[in-house]
Amino acid sequence: MSKHELSLVEVTHYIDPEVLDNVKDFHVRGNFASLPEFSERTFVSAVPLAHLDRFENKEVLFRPGFSSAVKISSSVYFNRERFPSGIGFCDRNKRSVRTIEKLLVNAFSSPEPASVRRPYPSGGAQYPVEVFLCRLSENTENWQTGTNVYHYLPLSRALEPVATCDTQELYRSLSGGDAERLGRPHFALVYCVIFEKALFKYRYRGYRMALMEAGSMYQNAGLVADQIGLRNRVWAGFTDSYVAKTMNVDQRAAAPLIVQFFGDIIND
């Protein structure tokens, strides 16, 4: 059995055009411009900063004042806390491309070469979310010159060349112009959804499943990163169309959902 599926043209035969249009219209409502030129005119949250502490990192009680929560003993805890999200990345130390390959294979591919399963769930085994690897630092050893954006093929365990764009321009698009706060990560993964693959089997429900799948994927990548000595940060502050254009990806075919940066932290 071939590892590569039929062309997306085949999938479109089963797509309801109205469902596809409605989902794309809803998806676009979550887009925004995130560039230094627009920073004073663009914001996501309408909550005053002074009030955010009242809502961040808090629990929600559904029956406040009516029942007491039943305590669970801490002795049952066997897992360790994940590392905090990285900020202030630094590429002073060289990173080998072998480390990146280790992350990709362990986060997104099965340890069994003949298996078509992946280490995260997907509704109907459709896997509509694709991973793109973006080089952001020249301080990366053994990276093949000429290409800075690759598409990861999880069954073939291979990297498909996508774009030869400049690393500075690529980082500017992925960071949304907030590179000063992020620092300098070594590389990033961009998770993109293929709408047709998400919708053709389960219609609107498939879009919800695709978003949950993307979350499973970057959680997996974060856990693997912790194990191999990489810090990471999940990032949504980017302009979708700018990212897609810089990566040489047709946004009508694969739309960026989320970016995950990886590298070393200055204070580590």
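This is a tour of a predicted model, from the whole chain down to its strands, loops and cavities.

**Before you start**

Residue numbers run from 1 along each chain as its sequence is written. In this predicted model, local features need pLDDT of at least 70 and side-chain atom pairs count only at pLDDT 80 or more, while totals for chains, interfaces and linings use all residues; side-chain values use heavy atoms, with hydrogens and water left out.

**Whole chain**

Show the C-alpha trace. Along the principal axes of the protein, the trace spans about 55 × 50 × 45 Å. The radius of gyration is 20 Å, which agrees with the value near 18 Å for a compact globule of 268 residues. That radius is taken over C-alpha atoms, and the globule rule is 2.2 Å times the number of residues to the power 0.38.

Switch to cartoon. The protein has nine helices and nine strands. Helices (H or I, at least four residues) and strands (E, at least two) are DSSP runs numbered from the N terminus.

Colour by burial. Of the 268 residues, 43% count as buried. Buried means under 20% relative accessible area, exposed over 50%, and partly exposed in between, with a 1.4 Å probe and protein chains only. Among contacts with a separation of 6 or more, 79% join residues 24 or more positions apart. A contact means heavy atoms within 4.5 Å.

**Strand β7**

Select residues 187-193. This is β7, and seven of its seven residues are buried. Show side chains. Phe187, Leu189, Tyr191 and Val193 point one way, while Ala188, Val190 and Cys192 point the other way. In a regular strand the side chains alternate between the two faces of the sheet.

Now add the partners of β7. Two strands pair if DSSP finds at least two bridges between them. β3 pairs with β7 in the antiparallel sense over seven bridges. Find Val131: its bridge partner in β7 is Tyr191. Then select β9, residues 255-265, which is antiparallel to β7 and joined to it by seven bridges. Here Phe187 stands opposite Phe262.

**Across β3 to β5 and β6**

Return to β3, residues 129-135. β3 also pairs with β5, antiparallel, over three bridges. Leu133 stands opposite Tyr150 of β5. Select β5, residues 149-153: four of its five residues are buried.

Move on to β6, residues 158-163, which pairs with β5 in the antiparallel sense over five bridges. Tyr150 appears again, with Pro161 as its bridge partner in β6. β5 and β6 form a hairpin with four residues between them. Stop at Arg157 in the turn, where phi is positive at about 55 degrees.

**Thr239 and helix α9**

Select Thr239, in the loop between β8 (231-235) and α9. Is Thr239 buried or exposed? Thr239 counts as buried because its relative accessibility is 12%. Leaving aside residues up to four places away in sequence, Thr239 touches Phe32, Ala33, Ser34 and Leu35.

Extend the selection to α9, residues 240-247. Six of the eight residues in α9 are buried: Asp240, Tyr242, Val243, Ala244, Thr246 and Met247. Just after α9, Asn248 takes a positive phi of about 65 degrees.

**Two cavities**

How many cavities of 30 Å³ or more are there? The count comes to two. On a 1 Å grid over the protein atoms alone, a cavity is a set of points where a 1.4 Å probe fits but cannot get out; lining residues have an atom within 4 Å of a point. Grid points are joined across faces, edges and corners, and a volume is the space filled by probe spheres set on the points.

Start with the largest cavity, about 50 Å³. Select its lining: Ser122, Gly123, Gln126, Pro128, Lys197, Ala198, Tyr202, Gly206, Met209, Ala210 and Glu213. α7 (195-199) and α8 (204-228) each supply at least two of these residues. α8 gives the most, with four. By class, the lining has five nonpolar, four polar and two charged residues. Ala, Val, Leu, Ile, Met, Phe, Trp, Tyr, Cys and Pro count as nonpolar, Asp, Glu, Lys and Arg as charged, and the others, Gly among them, as polar.

Finish at the second largest cavity, with a volume of about 40 Å³. Its lining is Phe108, Arg118, Tyr120, Val129, Glu130, Val131, Tyr152, Pro154 and Met217. β3 gives the most to this lining, with three residues. The classes here are seven nonpolar, no polar and two charged.

Notes: On a 1 Å grid over the protein atoms alone, a cavity is a set of points where a 1.4 Å probe fits but cannot get out, and a pocket is an open set with protein on both sides within 12 Å along at least five of seven lines; lining residues have an atom within 4 Å of a point.
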